[in-house]
Protein chains: 2
Amino acid sequence: MPSQPTATPPPQLTTVDALAQTAFLIQGTLERRAAADHGFSLVQTRLLGVLRDRQPTINGLARLLGLDKSSVSGLVDRAQRRGLVTRTPSTADRRSVLVSLTPEGRALATEVAGRFAADVATILGPLTPSERATLTGLLSRVLVAHAAAHGVDLLATTDH
Amino acid sequence: MPSQPTATPPPQLTTVDALAQTAFLIQGTLERRAAADHGFSLVQTRLLGVLRDRQPTINGLARLLGLDKSSVSGLVDRAQRRGLVTRTPSTADRRSVLVSLTPEGRALATEVAGRFAADVATILGPLTPSERATLTGLLSRVLVAHAAAHGVDLLATTDH
DNA sequence: TATTGTTATACTCTATAACTATA
DNA sequence: TATAGTTATAGAGTATAACAATA
């Protein structure tokens, strides 16, 4: 188990602990940002995020979010009730529905994204621009390699 | 909103996206590891994690986990029902109870921690040892600075 | 009076299983 | 037959408010 993200880190962090604590810090920051600004949960925020550049079906969303289709159905229900997303019947396959952002949903998603980016910038304040670039480069290589290794999962960008 | 962690990353990731996707990747890895091995949720896993070197009260746990005391009460209920933790009345303050791991809870926490560390090592495989050290150093500085800035929160290591 | 923990209540989130409409 | 989506159901997880016991 990684140590708690919130406890004062020891002088020497292991790589595992540093990554785990960073994960909790960043995800917690996104969660608090979305909740404080608009009362969004982390999952609702992820939903808005994936819909920014896609109009997937319920099944497509389930794959993108790693959830069961029934979970997504309820998730979309609640977002729809708040006026954030809409369901439109698919003309290609009359069993399917396409989920997309409403203008309000898009505006709020953009706002949360901007504020979150500012939060992250603050968190990274202690690093010089050069160090931030180094960090970004290292993480990018890890992410690219991981996506390639598990690429089977989610290349479904054009989903319907 | 950060891009999805699972989608194939673009050639050039922004710093915010790299951090957000890394956070989802690492936290998702821990969640899947704990669920696959023992059916633990992420929160239950965090609970076991903080109890590895503490015997806090319910209130102390609430501060450590960032939850309401009533949430922690239920959380401990469910862990206790599974034989992972115990409640013992505090002698110092008879309103309080001290939560601690059972031997079985400790064994499972240790096992999950070990497997998670192996998962992280695999994920970081693309980096050289030197690069991993650089990454750890940069993240540690960020975490230390953040803990110092918000240190008011949770230095409650000895909690009772 | 203030604090600790529990309980009642309500909501979100999640999965499984059963169902319908369509393919 | 198989797939897309919904619904019923059950459970974890969370917070707020009210409460009993203790400080």
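This talk describes how two protein chains meet each other and how they meet a DNA strand.

Good morning. Please keep in mind throughout that the structure shown above is a predicted model.

I begin with the relation between the two protein chains. As a general point, two copies of a chain are related by a rotation about an axis and a shift along it. Here, a turn of 180° together with a shift of 0.1 Å along the axis lays chain B on chain A with an RMSD of 0.1 Å. The two copies are thus related as by a two-fold rotation axis. Which residue of chain B comes closest to that axis? It is B:A23, whose C-alpha lies at 1.9 Å from the axis. The same surface serves both copies, for 98% of the contact residues of chain B recur in chain A.

I turn now to the interface itself. Chain B contributes 59 residues to the contact, and chain A contributes 58. The size of an interface is often given as the accessible area lost when the parts come together. Between chain B and chain A, the buried area is about 5500 Å², and carbon and sulfur atoms give 74% of it.

How many salt bridges are found across the interface of chain B and chain A? The rule finds 2. In one salt bridge, the side chains of A:R141 and B:E131 meet at 2.7 Å, N to O. There are also 6 residue pairs in polar contact across this interface.

On the side of chain B that touches chain A, two or more residues each come from α1, α2, α3, α5 and α6 of chain B. The largest share, 15 residues, comes from α6(B). By type, the residues of this side comprise 39 nonpolar, 14 polar and 6 charged.

Finally, let us consider DNA strand C. Of the 22 residues around this strand, those that come nearest are A:S41, A:S70, A:S71, B:R87 and B:R95. Which part of the DNA does the protein approach? Of the strand C atoms within 4 Å of the protein, 66% belong to sugar or phosphate, and the rest belong to bases.

Three residues of chain A illustrate the phosphate contacts. A polar side-chain atom of A:S71 lies 2.6 Å from a phosphate oxygen of strand C. For A:D68, a backbone N or O atom lies 2.8 Å from a phosphate oxygen. In A:Q44, a side-chain N or O atom is 3.1 Å from a phosphate oxygen.

The surface near strand C takes its largest share, 4 residues, from α4(A). Its residues divide into 5 nonpolar, 9 polar and 8 charged. Thank you for your attention.

Technical notes
Residues are numbered from 1 along each chain as its sequence is written. Chains are lettered from A and ligands numbered from 1 in the order in which they are written. This is a predicted model: local features need pLDDT of at least 70, side-chain atom pairs count only at pLDDT 80 or more; totals for chains, interfaces and linings use all residues. Side-chain values use heavy atoms; hydrogens and water are left out. Copies are superposed by least squares on the C-alpha atoms of residues with pLDDT of at least 70 in both. Contact means heavy atoms within 4.5 Å. Buried area is the accessible area (1.4 Å probe) that two parts lose on being put together, summed over both. A salt bridge is a side-chain nitrogen of Lys or Arg within 4 Å of a carboxyl oxygen of Asp or Glu. A polar contact is a pair of N or O atoms within 3.5 Å; within protein, one must be able to donate a hydrogen and the other to accept it, and residues adjacent in sequence count only if both atoms are side-chain atoms. Ala, Val, Leu, Ile, Met, Phe, Trp, Tyr, Cys and Pro count as nonpolar, Asp, Glu, Lys and Arg as charged, and the others, Gly among them, as polar. A residue is near a molecule or strand if one of its heavy atoms lies within 4 Å of it.
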